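Visitor: I'd like a close look at one enclosed part of this protein and what surrounds it. Could you walk me through it?

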Amino acid sequence: MKRSNFGVQTKKKTQINFMNIELLKYPTGKFIKPTLITNDILKKWISDISTFPERLSSEVINLTDEQLDTPYRPDGWTIRQVIHHCADSHMNSLIRLKLALTEDKPTIKPYYEDRWAELFDSKKMQIEPSLKMIEGIHERWTVLLNNLAESDYSKIFIHPEHGKEFRIDENIGVYAWHCNHHLAHITETKTRNNW
């Protein structure tokens, strides 16, 4: 009896599709915490956070509503939702930083980012209010980050959803990555669509 190659081809196709979806989900790769977080690494991360509002705005300000409502991947958020998500997420991150700086190992409150992204303001609202929020949040965030004492970097907050403690220095890296991660969702979508 002759064996069919159909199963092998389907498996390969599934692996390729999975790899493509992973690249669409993580165009800059996943965040990898350095073994040692140096001052140079921190400066780069803070610069990424500081420049994010301008970099984001320059990529999205001239997009049409149709373009803003284009998902960056199959079953993914639209560009509009990504922009509003960044405002929501970075607002929460600034609050978490302030809690860690002013309380002893605070347990932060997680939120359902996927549910927030489905609310009317995230799905339908114009992007300008979120761009303004991001600009203001990042300006305050950057001032705070540039004026941390050396001892502040080791302060922590507890994230109950992940069941772990996050140091401030690590969280700076996570959010520098978060800025670049979501910006790449937008720039890659623009490139694929020749916008």
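Visitor: How do the residues of the lining of the largest cavity divide into nonpolar, polar and charged?

Guide: Happy to. This is a predicted model, where local features need pLDDT of at least 70 and side-chain atom pairs count only at pLDDT 80 or more, while totals for chains, interfaces and linings use all residues. Residues are numbered from 1 along each chain as its sequence is written, and side-chain values use heavy atoms, without hydrogens and water.

The lining of the largest cavity divides into 6 nonpolar residues, 2 polar and 1 charged. (Ala, Val, Leu, Ile, Met, Phe, Trp, Tyr, Cys and Pro count as nonpolar, Asp, Glu, Lys and Arg as charged, the others, Gly among them, as polar.) The residues in question are Ser93, Arg96, Leu97, Trp141, Leu145, Phe157, Ile168, Asn171 and Ile172. Searching the whole structure turns up 1 cavity of 30 Å³ or more, and the volume of the largest cavity is about 70 Å³. (On a 1 Å grid over the protein atoms alone, a 1.4 Å probe fits in a cavity but cannot get out; a pocket is an open set with protein on both sides within 12 Å along at least five of seven lines; lining residues have an atom within 4 Å of a point.) Helices H4, H7 and H8 each give at least two residues to this cavity's lining. (Helices are DSSP runs of H or I, at least four residues, and strands are E runs of at least two, numbered from the N terminus.)

Let's follow H7 first. Helix H7 takes in residues 128-146, and its 19 residues reach 27 Å from first C-alpha to last, close to the 27 Å expected at 1.5 Å a residue. Its buried residues are Ser130, Leu131, Ile134, Ile137, His138, Trp141, Thr142 and Leu145. They sit on the same side of H7, because they cover an arc of only 135 degrees around the axis, taken from the directions to the C-beta atoms. (Buried means under 20% relative accessible area, exposed over 50%, partly exposed in between, with a 1.4 Å probe.) Two of these buried residues, Trp141 and Leu145, also appear in the cavity lining. Among the elements covering the buried residues of H7 are helix H2 (39-60), H4 and H8. Thr142 shows this nicely: with a relative accessible area of 10%, Thr142 is buried. Beyond its neighbours within four places in sequence, Thr142 is in contact (heavy atoms within 4.5 Å) with Ile46, Ile49 and Ser50. On the face turned away from the buried side, H7 carries the exposed residues Lys132, Glu139, Arg140 and Val143.

Now to H8, another contributor to the cavity lining. H8 is mostly covered, with 20 of its 25 residues buried. From first C-alpha to last, H8 reaches 36 Å, close to the 36 Å expected at 1.5 Å a residue. Just after H8, Asn194 takes a positive phi of about 55 degrees.

H8 also leads to an open space: with 9 residues, H8 gives the most to the lining of the largest pocket. That pocket holds about 920 Å³ of space and is lined by 32 residues, with Glu113, His162, Tyr175, Trp177 and His178 nearest its centre. Helix H4 (79-102), helix H5 (113-116), strand E1 (156-159) and helix H8 (168-192) each supply at least two residues of the pocket's lining. This lining divides into 12 nonpolar, 10 polar and 10 charged residues.

Methods:
Points joined across faces, edges and corners; volume = space filled by probe spheres on them. Expected span 1.5 Å × (residues − 1).
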